[in-house]
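Colleague: I'm new to reading models like this one. Could you walk me through some of the labels people put on it?

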Amino acid sequence: MKVLMINASPHEKGCTYTALSEIADTLEKEGIESEIINIGKAMKHPCVACMTCAKTKSGKCAFDDDPVNECIEKIKQADGFIIGEPVYYGGPASQAQMFMDRVFYSAGSSFAFKPAAAIASCRRGGLTPTMDRMNKYFTISQMPIASSQYWNMVHGNSPEEVQQDLEGLQTMRTLGKNMAFLIKSIQLGKKEFGLPEKEEHKFTNFIR
């Protein structure tokens with residue numbers, strides 16, 4: 001069992017990484033492997049609505065010169081998914097949104113029933129709208145959201161300050177335990193009951 005974690009901060013070993021590492025340590029204690037991939041400086045393209053992925057049904061983004069397609073394949077193979085992002089101007093960093101737009105538009109339908117979570121890091125404010133934005137990718141893709149004892153966030157302006165956020169770190173550990181529980185429970189449920197039957201998607205456009 002494995003959880004793929006994305007660090008969308010441009011600071012490879014910064015505050016977001018510190019929070020993700022706390023989750024990784026907890027997952028290891030629960031017998032679950034994890035991998036942290038840093039994409040914060042590697043993203044090159046936003047989604048440009050070219051629709052190539054929809055037309056080809058390849059499950060890949062048309063842009064193939066940054067980490068998106070590699071991460072899509074890793075998410076497909078993983079049992080759970082977590083993205084961590086810093087807060088910029090009260091919302092998720094642009095590279096996090098670029099990544100998620102392209103990953104989920106290209107391949108989100110193949111992630112159903114994989115537990116997922118978003119975590120956010122900031123100096124002071126903007127965490128809750130950031131969490132709301134990130135969670136929308138999961139709820140439209142039938143991915144159960146792993147929750148914690150508080151919203152999945154840490155505060156601090158440096159890794160050292162994040163280490164002083166004792167409640168934030170505890171929240172990360174609780175998230176790790178809950179993610180492990182969801183993964184194990186879903187695996188047992190699949191063996192016993194299978195997955196829910198999926199209906200054909202009905203698209204309705206509201207026009208006047």
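Modeller: Sure, and keep in mind that this is a predicted model. Let's start with pairing: two strands pair if DSSP finds at least two bridges between them.

Colleague: So what makes β3 and strand β5 a pair?

Modeller: Strand β5 covers residues 116–122, and six bridges connect β3 with β5 in the parallel sense. The rule asks for at least two bridges, so the two strands pair. One spot to look at is I82, which stands opposite A117 in β5.

Colleague: How do you know that β3 and strand β4 pair?

Modeller: Strand β4 is residues 91–92, and two bridges join β3 to β4, running antiparallel. At least two are needed, so the pairing counts. Here V87 sits opposite P92. The two strands form a hairpin with two residues between them, and Y89 in that turn has a positive phi of about 50°.

Colleague: Why is the ring pair F104 and Y137 called tilted?

Modeller: Their centres are 5.6 Å apart, and a pair needs centres within 6.5 Å, so they qualify. Their planes meet at 45°, while stacked means under 30 degrees and edge-to-face over 60, so this pair is tilted. F104 lies in helix α4 and Y137 in helix α5, 33 residues apart.

Colleague: And why is F104 called buried?

Modeller: Its relative accessible area is 10%, and buried means under 20%, so F104 is buried. Y137, at 8%, is buried because of that cut-off too.

Note on methods:
Residues numbered from 1 in each chain as written. Predicted model: local features only at pLDDT ≥ 70, side-chain atom pairs only at ≥ 80, totals over all residues. Heavy atoms only, no water. Helix = DSSP H or I, 4+ residues; strand = E, 2+ residues; numbered from the N terminus. Phe/Tyr/Trp six-rings, centres within 6.5 Å; stacked < 30°, edge-to-face > 60°. Buried < 20%, exposed > 50% of the residue type's maximum accessible area, 1.4 Å probe, protein only.
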